[in-house]
Amino acid sequence: MMTENTTTTDRRKVLITGGSGTVGQAFIEKYRDEFQFFNVSRNETYIDKLKNTFPEVQSYVSDIQDLDHLTTIFLKVKPDIVIHAAALKHVNFAELNPSRTTEINISGSLNIIKASVRAEVPIVVGISTDKACQPENIYGYSKKIMEQMFLEHYNEQTRFVCTRFANVACSNGSVIPLWIDSARKGQTLKLTDSRMNRLMFTSDEAALLIRQSIDNAERSTRPFVLCSRMKSVGMLDLAIQLSDEFGDGGKPEIIGMRPGEKLSETLVSQHELPHAFYSDDERYIVLYSDEFGREHVSEPLSSLTAEYMSEAEMRVLYEEYTREGKGSLKLAYSQ
């Protein structure tokens, strides 16, 4: 951690692609006194909002599909750490736009790899998703390929690692803000299937996962994918709780599943168990490396098999969004 006498120039430089999104903002907010931050995004509106919230963050308007411009920025900033969060993330959009998803999530990620190697970035963290485990939709496949590309390019000079996220509660486009706003308007909450469940964690927990991956990467000799151990949310239970707390307590309406949607999500699969280890403090699961814990994970982790959250635990997921002054910070989490 920084001391009172530490200056901005003494801080390590962290460049975040898609830093104006939910995950980027959460990481900046948590570690703004420790790192010097740079953002690469393509949406000027979101960049302006990021600047208003975090005026110390320097932003560059760029697209991860533009390798030449991306490399110019990396060589200029000379970051110590790159966090690659830019992506097309909405499952239904990806199903309708597979070519565009490939360009952004796969080709764009390869550009991050190339620019990082050229700029000799010591640590690069790719943000993946539980949908990359046993993928069944375009978004999941694209993120699985990103994971494999990062693992492939790990080397002593530039250490490429990944975090595998679950659903980040109250991020832009997520269901919790939609349901809360609908309930406050007296509208019936819409749920695609009553059996649906999800692994879910807060943006603060997401920031902690990224930080742990950075700390591990500094000590690593081989690549890894890092996951948080977490509980599951029954989406019908969550909808009922939000309807009771913010609305008239009406029963949710079941509207049918969307393209590419699954009833449950898997974070660590049966196939990955031989390569899955609990961290020494058992807070995390490390895939493809036993350097940070040697106890094997004994069974798959999915939203179907994990312990379900209590009402109090589900409330933690949305209390930040409903707290006065929050919510406005939750920007779109793409580029």
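User: Which way do I81, V82, I83 and H84 point from strand 4, and are they buried or exposed?
Analyst: In this predicted model, I81 and I83 point one way from strand 4 (residues 81–84), V82 and H84 point the other way, and all are buried. Buried means under 20% relative accessible area, exposed over 50%, and partly exposed in between (1.4 Å probe, protein chains only). Strands are DSSP runs of E of at least two residues, numbered from the N terminus.

User: Which strands pair with strand 4?
Analyst: Strand 1 (residues 12–17) pairs with strand 4 in the parallel sense over four bridges, and L15 stands opposite V82. Strand 5 (residues 123–129) is also joined to strand 4 by four bridges and runs parallel; there, V125 is the bridge partner of I83. Two strands pair if DSSP finds at least two bridges between them.

User: Changing topic, how many disulfides are there?
Analyst: The count is zero, where a disulfide is a pair of cysteine sulfur atoms within 2.5 Å.

User: Why does C162 have no bond to C227?
Analyst: The closest cysteine sulfur to that of C162 is in C227, but it is 10 Å away, too far for a bond. C162 is buried, at 0% relative accessibility.

User: What is the strand order in the open sheet of three strands?
Analyst: The order is 7-9-11, with mixed pairing. Strand 7 (167–168) and strand 11 (232–234) stand at the edges with a single partner strand each, so one side of each has no neighbour in the sheet.

User: How were residues numbered and values filtered?
Analyst: Residues are numbered from 1 along each chain as its sequence is written. Local features need pLDDT of at least 70, side-chain atom pairs count only at pLDDT 80 or more, totals for chains, interfaces and linings use all residues, and side-chain values use heavy atoms, leaving out hydrogens and water.
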